[in-house]
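Student: I'd like to walk through this structure with you before I head back to the bench. Can we take it a piece at a time?

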Amino acid sequence: MSADTAIVAIMSATSPNVVKPQAPPARFFLVAPAGDDIAATKTKIASQLAPLHATVSALSSAAPRDLVITIPDRTFVGPAQGAFLAAHALEDALGLAPIEPELIHAIMPIDQLDDRRELEAVEKFPPGCWVDEESEIEQNKSWAVSRLRLQDAWKLSDELGRPSRGAGVAICQIDTGVISHPELAGVVRAGSYNVIGDGTTPEDPTDPLNYAGNPGHGTATASVAISPESLDVVGAAPKARHIPIRAIENVVRISQTSVAEAMDRAVALGADVISLSLGGIWSWALQRARERAVAADVIVVAAAGNCVGLVVWPARFDDCIAVAGTDFHDKPWIGSCRGPTVAISAPGQNVYRAAATTGRSGQGQGTSFAVALIAGVAACWLAHHGRGTIIAEARRRKETVQEMFRRLLRATARKPAPDWDSFNMGVGIADALALLQAGLDAGIGIEAPRAPDMVRRGDESLRQFALEAFGPPALKADVDWMKFGGETSLAVLQQKLRRTAPGLESAAGAEVEVPLKVRQALEAVTDSSIAPAIRPARSDAGQPADGRIVQLKQMIAARHAAERSTGNLESAGAGDLRLADAIDLESSLPPDAPMPHPDDILQRVSAVMAAMPPREIGDPVAFGQALEVMYRHGGQALSKLPDVGLGPPQHFAASERMALEAIVIADGSRPSFLLENGLPPASHPFLGIWAATMAARREDIQRVAGCVGRVQPTHGNASNFIGTATIVDAARGLALTNYHVVDDARRKWLIPMTANGNRLSIPAGLEVDFAGEAATLDQRRFKVVEAILPDGFGRGFGSVDAALLRLEPITAGDRLPAGQVHLDARAAFANGGVPSLAVIGFPGPAPMSGGTDVDWNFVTNALFGNLFGFKRLAPGKFRRSLGFDEHDTLGSVFGHDATTFGGASGSFVLAWTDQEMPGFGIHFAGVTSDTNSAIAVAKIADVLRKLEVSVA
C-alpha cells in the first residue's frame with residue numbers, strides 16, 4: 001500500500017483542528033526496528049507523510065526508538081474505527097507493525113468521588129455497581145488503613161528504629177493532577193510534570209477542575225496514598241514524597257500514549273513507586289513504558305478497573321500488580337473488576353478521601369483508591385528495608401524489585417475467609433505488618449519454576465483477555481493480537497460498559513466493532529478441541545550452628561556408627577548397612593558421639609563419586625570442578641562438626657553450610673535415584689544404607705512410579721515443565737498435584753483457564769506425561785481438561801495447596817497407567833510414625849544463585865549431571881512435626897529431608913516401608929538449608945473426600 005493511501009485514510013479519520021480548536025492533534029505510536037538508523041527512520045516517515053505536515057519524535061528521552069507521529073493540524077473525529085483503519089494503512093505503507101492511534105477513550109465508569117448531591121451525573125452510575133455511603137465508616141474513617149494493618153506496620157518500623165510511613169520514598173501518581181487541599185497540607189513534593197501541557201509551566205500539575213464526570217480525581221487518590229496524619233484522611237504512607245503528573249484530562253477519558261509518556265517522565269523524576277488509578281485499552285506504547293519502569297527498579301501498581309467485569313490495562317499486563325477492591329467487611333466490592341490477572345486486593349468501597357471540589361473529605365469508592373493504598377504499602381516496605389537494600393537483594397535473587405514486591409505481597413496476604421475467591425480477587429487482602437515482618441525470601445519456598453523465556457511473546461495479556469472475552473476457541477484463532485489488540489479490547493470493553501452503564505459516553509464518541517479479521521478468525525474455529533525453591537545463600541562472616549547443622553552432624557555421625565557396627569567402613573552399593581539402624585541413630589546419638597575424620601568422609605564421597613555411572617556424570621569438567629569446590633569448603637566445615645552442641649558455639653559461613661548439604665547428598669545419605677522402567681537401580685554407589693529397603697520394595701516402587709507424571713505445557717519436556725501429579729483415581733482419570741502448580745501454569749506459562757466455581761476448565765495447553773525417564777525418549781502424555789479445587793485452596797502455607805487434575809487421552813484409545821496411589825490419613829504418619837519415607841517425582845535443577853563466592857546450586861547440578869526433570873526417587877526421613885512453621889496457620893504441614901533439588905512440587909511423600917506404599921503427604925516447598933515441607937493427607941482428608949477422592 002502506498003503512502004498516498006495511508007494519507008487518505010488518515011484524512012478520512014481526522015478533521016482540521018479549526019473544527020475543534022481545543023482538540024489534541026492526531027498521533028500514532030510505533031517502534032523503530034532494532035538496528036535501523038533512528039534519524040533516517042524519522043526522516044523517511046516525515047517525508048512520506050509530508051502533505052500532512054507530519055512530525056516524528058521520540059516518545060521520551062528514555063525511549064529513542066519509541067516514536068510518535070504527530071499530525072499537528074488535524075484531530076481524530078467520528079468513529080474510532082477510522083483511526084484504527086488509518087493505523088493499519090500506515091502499517092502497510094511503512095512496513096512497520098503494530099502502529100496504534102492515540103485514542104482518547106472511555107471504557108470504565110468513574111470512581112465515585114464527591115458528595116453525591118453535588119455530582120452532575122448521578123443517574124449515570126451503573127445500577128448494581130456503586131453502593132450507598134455507610135454510616136459505620138463515619139465512626140472509623142481510617143478503616144481502610146486499619147484493614148491493611150498499616151498502623152501496626154508503622155509501629156514496627158518505629159520500634160526497630162527504621163524509616164516508617166514511607167519516609168523518603170517517592171510515589172508518583174499519574175492522574176488528573178492535584179490542587180491544594182487541607183488533607184494534603186505538609187506533603188513533600190519530590191517533583192511534578194504536566195504531560196498535557198495545559199499548566200502555567202511544564203512542571204505545573206494543577207488540576208483545573210473544569211470538566212464534568214470526576215473533577216479532582218488525582219487529589220482524591222493522592223490523599224489516600226500520602227495524606228499526613230492530621231485531619232480526617234490518613235494516607236497509607238503519610239511521610240512519603242509525592243510526584244504528581246497530570247497526564248489525563250479526566251480518568252473517564254484517557255490516552256494510553258500520554259500515560260506511557262508520563263511513566264517515562266516518572267522514572268526520570270526519581271519515582272520509586274508508580275500508582276496508576278486509571279484504566280483503558282491495550283496499548284503497545286504503555287506496555288513498553290511499563291517494562292522500562294520495572295527495569296529501572298520501580299514498583300508499578302494499577303487499578304483492576306470498575307464495573308466492566310474484565311480487568312483493564314495497564315493492570316492486565318502480566319508483570320503489573322493489579323489491585324481489586326474490597327469493602328468494610330473484607331468482601332469484594334461489588335463494582336470491582338476481577339479475574340485471574342488480579343494479584344492482590346485492598347479496600348475500595350467507601351474509602352475516606354479528599355474531595356477536591358468541596359475542600360472537604362468523605363467516602364469514595366473505586367479500585368483507584370485500592371491501588372493508591374497498595375502504592376502506600378509499597379512505600380512503607382521500601383522505607384522499612386531501604387530501597388538500596390531492596391535493589392541489591394533483588395539482584396542477588398535474579399529478580400526485579402517489582403517481582404520481589406509482588407512475591408512478598410502475595411506471600412504475606414491474609415485470606416479473610418475460607419471461600420475467598422483467589423482465582424479472581426488475588427490471593428487475599430494485603431497485610432502491611434506481615435509484609436514488613438517477612439524475610440525477603442518469603443514466598444520463594446513455594447516452589448515455582450521460572451517459565452522459559454521462549455514462551456514470552458509480548459501478547460500474553462491480550463491472549464488472556466481474548467480467552468475471557470470470547471472463550472477457549474479464541475486461543476486457536478489465527479489472529480495477530482498485537483496488530484488488532486487496541487481495537488479488539490476497545491470493542492469488547494465498550495460492550496461491557498454499555499451493559500452496565502448505558503448512559504456513559506463511548507470512546508471517541510462512537511462505538512467500535514471487533515475487527516472483521518478477528519471476527520472471521522474466531523468464526524473459523526470451534527471447540528475441539530521445581531524447584532525446592534532454594535533460597536540464595538547469604539554471604540556472611542558465619543552464623544552459629546542451628547538445628548539444621550545439628551541434623552547434618554547427626555546424619556554423618558549415624559552413618560559412621562552404622563558402618564562401624566558392620567565392620568564395613570566403605571560398602572557403597574553393597575547393602576550391608578541397615579537402614580533402620582542408621583535412621584534410628586540419627587535421632588538418638590548423643591552430641592559427643594564419635595565423628596569420622598573429615599578426610600575419611602571426603603574419601604568416602606570421592607569413592608562414591610568415582611563409582612557413578614558415566615551417563616549420570618554429564619560434563620566431566622563441570623563434575624570435576626564441582627567435586628573440587630565441595631572438597632575445598634567441606635573440609636573446613638567438617639572439622640567444626642565434632643564440637644557442635646558441646647563447647648562454645650561454632651560458626652559456619654554460608655559456603656560451609658552449603659558444602660555440608662552437598663556432602664550428605666553426594667555420599668548417599670540423602671540420595672536421589674533416576675528410575676528406569678519405574679525401577680531404581682539394582683546397583684548404585686548411592687545405595688548404601690538404603691540398599692536393603694530398595695531391594696525389598698522394587699515391585700511396589702515400580703507400581704507407584706507408573707502412576708507419577710510430569711505436569712508440563714503441551715509437548716513439554718524435562719527442560720520445560722511445571723510440577724508433578726500422581727493418579728489417585730484411575731477410573732475417573734484424576735491425578736493430584738499442588739494448587740500452586742495449576743496457578744503457575746496459568747500465571748507463568750499462560751495456560752488458558754476459565755473458572756466456574758471451584759472448577760477450572762482448561763481447553764488446551766496442559767498435559768501430564770507418565771513416562772519422563774532419563775533412559776528413554778518414550779512419552780505417555782494425557783491432556784489436562786479440568787482442575788478441581790478443594791475448599792480452602794491456595795498457595796503454600798495457610799492454605800490447602802492441592803488440586804485434582806482431570807485427564808483425558810490425547811490419542812483415542814490411550815489408557816492411563818494401571819493402578820493408583822492410595823492416600824492414607826493415619827495420624828501416625830503425619831506425626832513422624834514412619835522410620836523413613838520416599839518422594840517420587842520430577843525435581844527441577846536448582847536455580848543458579850549468588851550470595852557467596854560459590855554457586856552451590858551449580859555444584860549440586862553438576863554432581864548429578866544436570867539430569868533433572870526426569871522421574872526420580874529420593875529416600876529420606878521425617879523431620880518436623882505438624883505446625884512447625886509459623887506460617888502454617890492450619891497446622892497441616894510437616895517437614896522431611898528427602899532430596900528434591902530445585903523443587904518437586906506436587907510429588908507424593910510415601911510411607912514406603914508400609915505394605916501398600918501409600919501417600920501420606922504432598923510435597924510443596926523446600927529450603928535446602930532448612931527443611932522440605934509437605935501437606936499432611938491427614939489434615940486435608942475431609943476436603944479431598946468432599947471431592948470423592950478415596951482416602952483411607
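Student: Let's start in the strands. Which residue in β26 stands opposite L734?

Tutor: Keep in mind that this is a predicted model. Strand β21 (residues 734–737) pairs with strand β26 (residues 803–809) in the antiparallel sense, over four bridges. In that pairing, the residue of β26 standing opposite L734 is R806.

Student: And what is the bridge partner of F782 in β26?

Tutor: That one belongs to another pairing, between strand β25 (residues 781–788) and β26. The two run antiparallel and are joined by six bridges. Across them, F782 has as its partner in β26 P809.

Student: Is T726 buried or exposed?

Tutor: T726 sits in strand β20 (residues 723–729). Leaving aside neighbours within four places in sequence, T726 has contacts that include L734, A735, L736, V821 and F908. Its relative accessibility is 1%, and buried means under 20%, so T726 counts as buried.

Student: How much can I trust the chain overall, and what is the average pLDDT?

Tutor: There are weak spots: residues 501–510 have a pLDDT below 50, though that stretch has 28 contacts in the model beyond near neighbours in sequence. Residues 567–577 also fall below 50, with 22 such contacts. Across the chain, 87% of the residues score at least 70, and the average pLDDT is 85.

Student: Which helix gives the most residues to the largest nonpolar core?

Tutor: The largest core has 168 residues, and those touching the most other members are F28, I69, I174, I245, I274, I299 and W381. Giving the most to this core, with 14 residues, is helix α10 (residues 367–385). Apart from the largest core lies another one of 110 residues, with V608, L766, L823 and L910 among them. Back to what you asked: the helix is α10.

Student: Now the charged pairs. How many residues apart are E102 and R27?

Tutor: Their side chains meet in a salt bridge, at 2.7 Å from N to O, and both residues are buried. R27 is in strand β2 (residues 26–31), whereas E102 is in the loop between β6 (100–101) and α4 (135–138). The pair links distant parts of the chain, with a separation in sequence of 75 residues.

Student: Why does the R710 and D769 pair tie together parts that are apart in sequence?

Tutor: The side chains of R710 and D769 meet in a salt bridge, 3.5 Å from N to O. R710 lies in strand β19 (residues 708–713) and D769 in strand β24 (residues 766–769), so the pair ties together parts whose separation in sequence is 59 residues.

Student: And is R795 buried or partly exposed?

Tutor: R795 forms a salt bridge with D744, and their closest N and O atoms are 2.9 Å apart. D744 is in helix α25 (residues 739–747), while R795 is in the loop between β25 and β26. D744 is buried, with a relative accessible area of 2%. At 23% relative accessibility, R795 counts as partly exposed.

Student: Which residues are joined with D744 and R795 into one network?

Tutor: The structure holds 39 salt bridges. Some of them share partners, and through these D744 and R795 are joined into one network with R410, D743, R746 and R747.

Student: What about backbone oddities: which residue joins P98 through a cis peptide bond?

Tutor: Most peptide bonds are trans. One cis bond runs from W313 to P314, with omega near 10 degrees, and P314 is in the loop between β11 (299–303) and β12 (321–326). P98 is in the loop between α3 (80–94) and β6. The cis bond there has an omega of about -5 degrees, and P98's partner in it is A97.

Student: Last one: is N677 buried or exposed?

Tutor: D297 makes a handy companion here, with a positive phi of about 70 degrees although it is not a glycine; at 9% relative accessibility, D297 counts as buried. N677 has a positive phi too, near 55 degrees, and is found in the loop between β18 (673–674) and α23 (691–696). Exposed means over 50%, so at 56% relative accessibility N677 counts as exposed.

Conventions: Residues numbered from 1 in each chain as written. Predicted model: local features only at pLDDT ≥ 70, side-chain atom pairs only at ≥ 80, totals over all residues. Heavy atoms only, no water. Buried < 20%, exposed > 50% of the residue type's maximum accessible area, 1.4 Å probe, protein only. Contact = heavy atoms within 4.5 Å. Pairing = 2+ DSSP bridges. Core = buried A, V, L, I, M, F, W, Y, C linked by side-chain atoms within 4.5 Å. pLDDT = per-residue confidence, 0-100. Salt bridge = Lys/Arg side-chain N within 4 Å of Asp/Glu carboxyl O.
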